Structure formats: C-alpha cells, structure tokens
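Please open the model in your viewer and keep the sequence panel beside it, so that you can select residues by chain and number as the tour goes on. Each stop names what to select and then describes what is found there.

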Amino acid sequence: MLDIIVSVLTRTIIAGTPLLLATLGEILSERSGIQNLGVEGVMSVGAVTAFIVTFTTGNPWLGMLAAILIGMILSGIHGFVSISLRANQVVSGLAITMLGLGLSGLFGKPYIGRPLPNRMPRLNIHGLSDIPILGGLLFNHDWYVYLSVVIGIVIWFMLKHTSMGITLRSVGENPKAAESQGINVNRVKYFAVMAGGGLAGMAGAYLSTAYSGSWNEGITAGRGWIVIALTIFALWQPGGAFLGAYLFGGIFVLQYMLQPLGISPNLLSMLPYASTLLVLFIYGMSKSGQRRMNAPATLGEPYVRGER
Amino acid sequence: MQIDLLPREKSTAGLNLLILLGSLLTGLLAVSVIFAINGVNPAAAIFAIFKGSFGSWYGIKETITKAIPLILIGSGLAMAYKAKFWNIGAESQLLVGAIFATWMGLTVGPHLPAVLLVPLMFVSAFIGGALWGIVPAVLKVRFGINEVITTLMLNYIAAEFVKYLVVGPWKGKTKGGYPYTDDLPAQAILKHIHYTRISPILLVLAVIAALILGWMVYRSRFGYEIRVIGENTHAARYAGINFFRTSVLLMAVSGGMAGLAGAGELMSIHHYLSYPETLSAGYGFTAIIVAWLARLNPAFTIVSGLFFAGIIVGGDAIQISMGMPAATVNVFNGMILIFLIMGDFFISHRVRIRFGSTVHA
C-alpha cells in the first residue's frame, strides 16, 4: 500500500512539472496584463526544438536552452501583435497556438518515433537518493523537476519582495500610474511575455527530453490549455501554481490508476476542467469573491501610451 | 527619418479590401519562407494546395462540403465577436448539437418520416448548441467569469463526454468493438447531390443562415445592441441595453449555429456519433479565422468559409502528393490569422514616414 502511495506521489510530481513551469510563465505574462493563449503552441514548438537539438548534439541542456529561446521568440510575436500593434490578445494567442502546432508538426515529422539517445539526467546524490521512500519521492528526479521548483521560488520572491516585481505588477494593474513613475510600460510587458514564453518552451522541452524521451505530434495533449485554467486557479500567485500544478498532475496519474476500478477514464479526464469551472464559480458567487480573485486589472486590454 | 503612427479617422471599403488582400499575401509569403526553411519548394506547395482545392471538380466539390460547417459556425462566431464576446467554444457547441441530434435520431427517429425527423433533429441540435453556449453567457454576465476560460473548459468537458458516450452507454450494438453509436435511421440521412458529398439542404441552410445573421447584425434592433456592446460597454449601459438578455440571446444563436453544423456533419457525412476529433475535425477553431477573415460580417463567411475549406482540402492533397504532415494546414491558418490581425492595425492607423526633420508637429 505504501509502495502505491509513494509511486502515485512520485508520478504526480513528474506529471505536475510541465504544468508548473508553463503556469509560472503564464502568471508572469498575465501579471503584466498580457494573456497568452498561445501556450499550447509554444510548448509544442519547445518540445520539438529540444528534441531535435538534443538528438543532434547529444546534449539535453542545449536542447533546453534552444527550447527556451524559441519559446521567447514565438511569444515575442504575440507580444509584438498585442503590445505594439494593440491587437486582440485572444485572437493573437489562438493564432500562435495554431502556428506553433503547425510548425512543430512540420519540422518534427522526420523525428517521429525515434528514441532519444540521452535524456535529461537524474539527480543522483549518493546517500540522499538511497533513503527509502523519501529518496525515490524527492531525490531521484531529473533536473527539470528541481529547476521548476527553484524557478517558482525565485518568481514568488521576485513578485513579492523586489522592486522588479512591484514594477511588473503595477504595469498590469495601472499602466498609466506606472508610466508616470517613469516605467517603460511596453518594455516591461515584452519582458514578461517573453520570459513567460521561455518557460512554456522549457515545459515543452521537459515533455520530449525528460518525460517521454521521444517526439510525436500532439505530445502536449492539451496541457497548454490546462495551464491557462491553472493560472486562474492559482489566482495569479506562484504559490497557487505549485498547488494547482501538482493537484492536476495528480489527477492525470489517478485517471489511469482508477480505470481498473470501473470509473470511466473519460469522466475523470473532465476533472481538471470541471474543477477549474467550479473554483471560478465559487469565487464568482459573491462580489467580494470576485475582488479576492484579484485578476490583474488591465488583463487583456491593449495599452496606448499617453492616452487619457 | 521618423515614423509616426497616427489614428485613422475613417477607413473606406476599398482600403479595407486592399489591406485584407495585403495581409493574405504577406501571410502566404511568410508561409513560403517556412516551407523553404523546411526544404520544400514553396511555390510548388502553395500551387499544389490551391490546385488540390479549386483546381479540379473533385476538389471544388470537397471544398464546398467542408465549407458548409465553416460557414454555419463562422457566421455565429462573427456575431458573438461583434459584441466582443470571445466564444472559443464552438468546437463543443458543435458536439453538444450532435449529441442532441443523435439522441433524437436514435430514440424517436425510427418512428417518424423524414419530413418530420430531419427538421426535428436540426431544431434539437440548435437547442443543444444554444444551451451549451448560454452557460458561458450567464457565467460572464451574472458571475463575472471570463468567457474565454469557460468556453475553453467546456470544450474539453463536452469532448470527454462524447468519448464517454460512445465507449460507454451509447456504444452501438451493431458496431463490433468500435467506439461508435448505432447508425441513425435511414430517414435521418441527408441525401447528397450525385457524385458529391454535398447535401443541398445543408448548403442552402448554411448560406441562408449566414445571410440572415448578417441582416440581424447590421439591420435589426438586436444587432444594433450587439454592435453597441462591442464598441463601447459604457455607452451600452447608458443606452439602457439589457446586457443579460442580449448576451444570452447572442450566445444562444452563436452556439446554436455550431450545433446545426454538428447535426449537419452527423446527418450528411458520418451517420453515427463517434470520437469528437472525427466529428468536429477542428472546424470550431478554423471557424474563428473564417469569422475574422469575414471582418466579423456573418454574410461574408460564405466567401471566407470557402477559402479556408479550400485550404483544408488542399492540405489533405499535399499530404498525399508531397508527403507533408497534416499539421501543415495549421501553419497556414496560424500565419494567415496573425497577418490578418496585424492588418487590422493599419485599418485603424496610418503610418507616416518623414525624412530629415525630427521636429514634432
């Protein structure tokens, strides 16, 4: 019984990691006022890029860097369209998703089904990794798992305790006031959107070079859309991202565990989406709840400099 | 040299068309660059796509077949987007429409003649799509929940529910091990024009519906309310427009249209309910671009729906003739959509380039 619990928890952490990385990225982006519905596409391009680079060079770290870079470029396009051209963010994000899924399918075709010679290595600390139960649960994952935790803590600290974080939040909450403080609003938004895209690309890299060690079309399997939901579920807080990502990761795992018990896997697959709706509904029930949700005030609205 | 971006007060229809064509061409150019990087001859690939869709009778017939659901869904989406209601749930509104139609067809269907059953199935599909569309409208207006998220979540919930139905309670007794429902009764199947997969009833329905929606948006009181809400929320409140009533009605129509498309695919092409990917084939998302290319005028989706149906059919053709992956169509769609919204900027702004002087006017 203990074995099963440990195995479920271990796999929960693994399944939650890509969600965590990409959700942290979307939180950065949305805190600056830019919603990026392109996550699914950016993740997919990140996955194929990391796979191709790792496959060619044999170095999964280079694969990760390439995925982050391409994620920044692709979300930079979303930034250009929605920040500089002030176009509709919903449509732009959807376009990025379509483009990303298309590009990854086109360029990834020769690599479908090929096994990766070397995946991202696992942490193996002599002594720690050998502790019964805890060793397997906490100290025997690949590097992405630990990096995602560190990145989450850094983003939490940055948003909460540094002037950079205050700048980012003020741009999303009240860009006019931010600008009167001498902040270059659009530059901050570009930074946030591209950093967010880099994390989505990294999440994709995790899927192809650590989680599965192969590339196929549809590898992201809707995770990008879950991330959009998780960002709200987390109430735009990095702490909430941890909770949500591991919770939803757990649901992924349970889906397969509960199937033999006669519970329909399809009904279980609805859980992440249904629970997001439920959370939104509970908050929406009261006006004070809507306030507590604390969505960035100008989320989704284009900002025009100097307009009154 | 200095580049100024100035707001454009008035834009003419000719200029709009010019910018639209410019966006399309730039989009195709960008796609060409992608193809070239991928080692495919861009001219040959793009030629093959349009030859596959518009270059033969077979291609044209298939293009019209696939344009029907795109026009039905796209015109409903155009109407919703006109009010800035970002319905991206057409994919699932289509599915729920198909569920309702299937239920009607399999339960009361065998006891009814075609003249009663076909309209009954269309009406129930419309109601199904409408109900699934009203949910996000109520959640938005009454509870302040963003419709992008709710429609997105409802897409997944409906898709999983369809899977649940076809592998579970609705699994057909005559279908062996396959995840399909039983066939609809013969009188529920829409007849095709000879040697095509085009149902004349559906084609007429799609064209007339798009024209009616176009009329509604630009000529009716309801359409006036939609446009005011879309242009200025404050003005809409000031004008005493009932947000709740208008939003619910709007999403009932938008969802209902997608529901009709679901019934159409079911009754004309598939003849039974199966996996959601088979049934919707991404029409709900492609229709978003259809609506955008139509510049949110429902009537224009007749043209833009044909265009994107052509890209779908041509995309199938190059999979076979050039060995390119199915995802190629997504590159087209994504690229064209990006350049279309970029083009919108030049409809509302004009660019002035001045040389020499840097003095502000």
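## A stop inside chain B

In this predicted model, begin by selecting B:Ser75, which, leaving aside its neighbours within four places in sequence, is in contact with B:Leu70, B:Ala210, B:Leu213, B:Met257, B:Pro298 and B:Thr301. Colour the helix around this residue as well, since B:Ser75 has its place in helix H3 of chain B, residues 57–82. Is B:Ser75 buried or exposed? With a relative accessible area of 0%, B:Ser75 is buried. If you now show side chains, you can follow the one of B:Ser75 to the backbone oxygen of B:Ile71, which it reaches at 2.9 Å.

## A helix largely enclosed

Next select residues 283–293 of chain B, which form helix H12. Of its 11 residues 10 are buried, so this helix is largely enclosed by the rest of the structure. Among the buried residues of H12(B) are B:Tyr283, B:Ile288, B:Ile289 and B:Trp292. Move on along the chain to B:Arg295, just after H12(B), where the backbone takes a positive phi of about 55 degrees.

## Salt bridges in chain B

The structure holds 7 salt bridges over all chains, and several of them can be visited one after another.

- Select B:Glu147 and B:Lys140, whose side chains meet in a salt bridge at 3.3 Å, N to O; B:Glu147 counts as buried at 5% relative accessibility, whereas B:Lys140, at 29%, is partly exposed.
- Select B:Lys163 and B:Glu160, which form a salt bridge with their closest N and O atoms 3.5 Å apart. They are separated by about one helical turn, because they lie 3 residues apart in helix H6 of chain B, residues 147–167. Both B:Lys163 and B:Glu160 are buried.
- Select B:Asp183 and B:Lys175, whose side chains meet in a salt bridge at 3.2 Å, N to O; here B:Asp183 is partly exposed, at 41% relative accessibility, while B:Lys175 is buried, at 15%.
- Then select B:Arg221, B:Glu225 and B:Arg245 together, which salt bridges with shared partners join into one network.

## Where the two chains meet

Now show both chains and select the residues in contact between them, which are 45 from chain A and 43 from chain B. Between them the chains bury about 3,900 Å², 82% of it on carbon and sulfur atoms. Highlight A:Met98, A:Leu106 and A:Tyr273, because these supply 17% of the area that chain A buries against chain B, more than any other three residues. How many salt bridges does the rule find across this interface? It finds 0, although 3 residue pairs are found in polar contact across the interface.

Which helix gives the largest share of the side of chain A that touches chain B? That share, 14 residues, comes from H4(A). By class, this side of chain A has 29 nonpolar, 13 polar and 3 charged residues.

## Last stop: helix H4 of chain A

Finish by selecting H4(A), which has 20 residues and reaches 27 Å from its first C-alpha to its last, close to the 28 Å expected at 1.5 Å a residue. Since 18 of these 20 residues are buried, H4(A) is largely enclosed by the rest of the structure. At the N-terminal end of the helix, look for the cap formed by A:Asn88, where a side-chain oxygen lies 2.9 Å from the backbone nitrogen of A:Val90.

Technical notes: Residues numbered from 1 in each chain as written. Chains lettered and ligands numbered in written order. Predicted model: local features only at pLDDT ≥ 70, side-chain atom pairs only at ≥ 80, totals over all residues. Heavy atoms only, no water. Contact = heavy atoms within 4.5 Å. Buried area = accessible area lost by both parts, 1.4 Å probe. Salt bridge = Lys/Arg side-chain N within 4 Å of Asp/Glu carboxyl O. Polar contact = N/O pair within 3.5 Å; in protein donor to acceptor, adjacent residues only side chain to side chain. Helix = DSSP H or I, 4+ residues; strand = E, 2+ residues; numbered from the N terminus. Nonpolar A, V, L, I, M, F, W, Y, C, P; charged D, E, K, R; others polar. Expected span 1.5 Å × (residues − 1). Buried < 20%, exposed > 50% of the residue type's maximum accessible area, 1.4 Å probe, protein only.
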